[in-house]
Amino acid sequence: MEQEVGESLIQLGNSDGSNSSSSDPVTRVRKLLFRRMLVGIKDGRFFLGTFHCLDKQGNIVLQDTIEYRSTRRSSPSPMEQRCLGLVLIPSSCQNSCHVDCSVEEQLSLLKV
């Protein structure tokens, strides 16, 4: 299920610094920490890694990341993968974001 991480971050970036206005988005993002996350980018690649942090601009940092990309040549596997480690994915490149968790956890993450 797709998580609206960027929306939470935009709310964070627009807060005036008061604790009451930023506590909900911060709490929502903290629930995502250290979860497996699959981030798709506009050129068709996907990055699977552990969610490490999110900055005010909406950039996502994943650790222990594997990059998946489709191969255009005939091969046994339609996807090619490589291990990257720590990766920063700019918000301008992000296309989709999925978090690996149970249905109950997904519902709790969506609650406001």
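Contact here means that heavy atoms lie within 4.5 Å of each other. The model shown is predicted, so local features need pLDDT of at least 70 and side-chain atom pairs count only at pLDDT 80 or more, while totals for chains, interfaces and linings use all residues. Residues are numbered from 1 along each chain as its sequence is written, and side-chain values use heavy atoms, with hydrogens and water left out.

**Figure 1. The whole protein has three helices and five strands.** Helices (H or I, at least four residues) and strands (E, at least two) are DSSP runs, numbered from the N terminus. Along the sequence the pattern reads α-α-β-β-β-β-β-α. The protein has 112 residues, of which 31% are buried. Buried means under 20% relative accessible area, exposed means over 50%, and partly exposed means in between (1.4 Å probe, protein chains only). About 7,100 Å² of the protein is exposed, and carbon and sulfur atoms supply 52% of that area. Accessible areas come from the Shrake-Rupley method with a 1.4 Å probe; for residues, only the protein chains shown count as cover. Among contacts with a separation of 6 or more, 47% are between residues 24 or more positions apart.

**Figure 2. The largest nonpolar core has 16 residues.** A nonpolar core is a set of buried Ala, Val, Leu, Ile, Met, Phe, Trp, Tyr and Cys residues joined through side-chain atoms within 4.5 Å. The members that touch the most other members are Met37, Val39, Phe51, Ile60, Leu62 and Ile89. At least two residues of this core come from each of strand E1 (36-41), strand E2 (46-54), E3, E4 and strand E5 (94-99). In soluble globular proteins, nonpolar side chains tend to be buried together. Beyond four places in sequence, Val39 touches Arg45, Phe46, Phe47, Ile60, Leu62, Ile89, Gln94, Ser96 and Cys97.

**Figure 3. Salt bridges that share partners join Asp43, Arg45, Glu67 and Arg82 into one network.** A salt bridge is a side-chain nitrogen of Lys or Arg within 4 Å of a carboxyl oxygen of Asp or Glu. The structure holds five of them. Arg45 meets Asp43 in one salt bridge (2.9 Å, N to O). Arg45 also meets Glu67 in a salt bridge (2.9 Å, N to O). This second pair links distant parts of the chain, with Glu67 in strand E3 and Arg45 in the loop between E1 and E2, 22 residues apart. Glu67 is buried, at 1% relative accessibility, whereas Arg45 is partly exposed, at 26%.

**Figure 4. Arg35 forms a salt bridge with Glu105.** The closest N and O atoms of the two residues are 3.4 Å apart. Arg35 lies in the loop between helix H2 (19-30) and E1, and Glu105 lies in helix H3, so the pair ties together parts that are 70 residues apart in sequence. Glu105 counts as partly exposed because its relative accessible area is 31%.

**Figure 5. Tyr68 and Thr71 have partners in common regions of the sequence listed below.** Tyr68 is in strand E3 and is partly exposed, at 21% relative accessibility. Leaving out residues up to four places away in sequence, Tyr68 touches Arg45, Phe46, Leu48, Met79, Glu80 and Gln81. The C-alpha atoms of Tyr68 and Leu48 are separated by 7.9 Å, although these residues are 20 apart along the chain. The side chains of Tyr68 and Gln81 make a polar contact (3.4 Å). A polar contact is a pair of N or O atoms within 3.5 Å; within protein, one must be able to donate a hydrogen and the other to accept it, and residues adjacent in sequence count only if both atoms are side-chain atoms. Thr71 is in the loop between strand E3 (60-70) and strand E4 (79-89). Thr71 counts as buried because its relative accessible area is 17%. Apart from neighbours within four places in sequence, Thr71 is in contact with Ser77, Pro78, Met79 and Glu80.

**Figure 6. Val103, Leu107 and Leu110 make a nonpolar surface patch of about 260 Å².** Patches are made of residues with over 30% relative accessible area and no salt bridge; like charges are joined within 9 Å, and nonpolar side chains (Val, Leu, Ile, Met, Phe, Trp, Tyr) within 5 Å. Val103 is in helix H3 (residues 103-110) and is exposed, with a relative accessible area of 54%.
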